[in-house]
Amino acid sequence: MTAKEKVVVILGPTATGKTACGILLAQKLKGEILSGDSMLVFRGMDIATANPTPQERALAVHHPIDVRDPEEKYSAFDCKREAASLIQEIHGRGHMPIIVGGTGLYLKALLENYHFSTSEEQTKRRQALAEYADRYGNEALHQKLEKLDEETANRLKINDRRRIIRAIEAWEDGDPVSQEKDSKSPFDAVVFGLTMERALLYDRINRRVDLMVEEGLFDEARFFYDQGIPLDSQSMKSIGYRQCVQYFRGEWDKKTAVAKIKQATRNFAKRQITWFKREPDAIWLNKADYGYQEDAILHAMLNICKERGIL
């Protein structure tokens, strides 16, 4: 039997410091970082996506970053396929793959080896959602979307069945995942989850958005808006750009747009927490237990890696 490839995973809601911990761990484990995020792949979209800075990239190799144009798509299927190939390459160099990210579906598709639907299966799935609404009502269908994407659900009327179904599909980036998955992960994975007290997390998110604005978020969004990147593209619908566009269109003033970005990011973090709570193998590290010191968290991670045979 072929031995499974070893990987280390750091997941958790936005603004918990996953990037910093990933870099420290990569330096200790002779590792390379794989992004498990749906937005870091887009070229030039650095501020809104909290892309690792040039200084951070100099401290550890990062993949795959800046590999898609803003009008392109990047799906869970793409993440799984490309990450699996990169993991083999990284091991071939004698290095440790460290997967860092907060896009739950992408991470789950990779770690649990999800099988993706064909176009025929996608049609069947769409029909299944319509039949679900026929049987249980449009409100039940709307609630299904609300569990996945609360913000979009709030914008759509309960009886707008077509858009609700499309939104459910869009949340999965157009690549519906079948319920079939391998009974065992193809990897020997140690999965760390970073968490902290909710009020502190929300405060960190608010301060992070303020910093993004100071660093030029609106100028960055304006550049892509003026370039004519389709507003329904995956990149332009992301948190930050979407609210900036509404400001450019005169729908909100700048202060309101910033407040809306903060609110959307907090809601996103809440959904991430709900999603990751279902991760059965995650070893949760509450940053408060380590005095919010990255070195202390790193020490705990290294000890666990050693116990699990990663070191």
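Okay, Val7. Leaving aside residues up to four places away in sequence, Val7 touches Ile87, Met96, Pro97, Ile99, Leu111, Phe187, Asp188, Ala189, Val190 and Ile310. Keep in mind that this is a predicted model.

Where does Val7 belong? It sits in the largest nonpolar core, which has 48 residues. Val7, Ile99 and Leu111 are the residues with the most contacts inside that core. Quite a few elements feed into this core with at least two residues each: on the strand side, E1 (5–11) and E7 (187–195). On the helix side you've got H3 (76–92), H4 (104–111), H9 (198–215), H10 (217–226), H11 (241–248) and H12 (254–276). And there's a second core, separate from that one, with 23 residues, including Cys21, Leu25, Leu285 and Ile297.

Let's look at two of those helices, H3 and H4. As you know, a packed pair gets described by the angle between the axes and the distance between them. For H3 and H4, the axes come within 9 Å and cross at roughly 50°. So the two helices, H3 and H4, are oblique to each other, and their crossing is right-handed. Who makes the contact? From H3 it's Ala76, Cys79, Lys80, Ala83, Ala84 and Ile87, and from H4 it's Leu105, Tyr106, Ala109 and Leu110. By residue class, that H3 with H4 contact has 9 nonpolar, no polar and 1 charged. You'll remember Ile87 from the start, since Val7 touches it.

Tyr106 takes us over to Ser38. Ser38 is in the loop between strand E2 (31–35) and helix H2 (54–59). Is Ser38 buried or exposed? With a relative accessible area of 14%, Ser38 comes in under the 20% cut-off, so it counts as buried. Its contacts, again not counting residues up to four places away in sequence, are Tyr74, Thr103, Tyr106 and Gln234.

Last stop, H11. How many of its residues are buried? It's 7 of 8, so this helix is mostly covered. The buried ones are Tyr241, Arg242, Gln243, Cys244, Val245, Gln246 and Phe248. And what covers them? The cover includes helix H7 (150–155), along with H10 and H12. H10 and H12, you'll recall, each supply at least two residues of the largest core, as does H11. One backbone detail before I stop: H11 is followed by Gly250, and the phi of Gly250 is positive, near 80°.

How values were computed. Residues are numbered from 1 along each chain as its sequence is written. This is a predicted model: local features need pLDDT of at least 70, side-chain atom pairs count only at pLDDT 80 or more; totals for chains, interfaces and linings use all residues. Side-chain values use heavy atoms; hydrogens and water are left out. Helices (H or I, at least four residues) and strands (E, at least two) are DSSP runs, numbered from the N terminus. Buried means under 20% relative accessible area, exposed over 50%, partly exposed in between (1.4 Å probe, protein chains only). Contact means heavy atoms within 4.5 Å. A nonpolar core is a set of buried Ala, Val, Leu, Ile, Met, Phe, Trp, Tyr and Cys residues joined through side-chain atoms within 4.5 Å. Axes are lines fitted to C-alpha atoms, for helices over the stretch in contact, and angles run from 0 to 180 degrees between N-to-C directions. Angles under 35 degrees count as roughly parallel, over 145 as roughly antiparallel, 65 to 115 as roughly perpendicular and the rest as oblique. A crossing is left-handed if the near helix is turned anticlockwise from the far one by less than a right angle, and right-handed if clockwise. Ala, Val, Leu, Ile, Met, Phe, Trp, Tyr, Cys and Pro count as nonpolar, Asp, Glu, Lys and Arg as charged, and the others, Gly among them, as polar.
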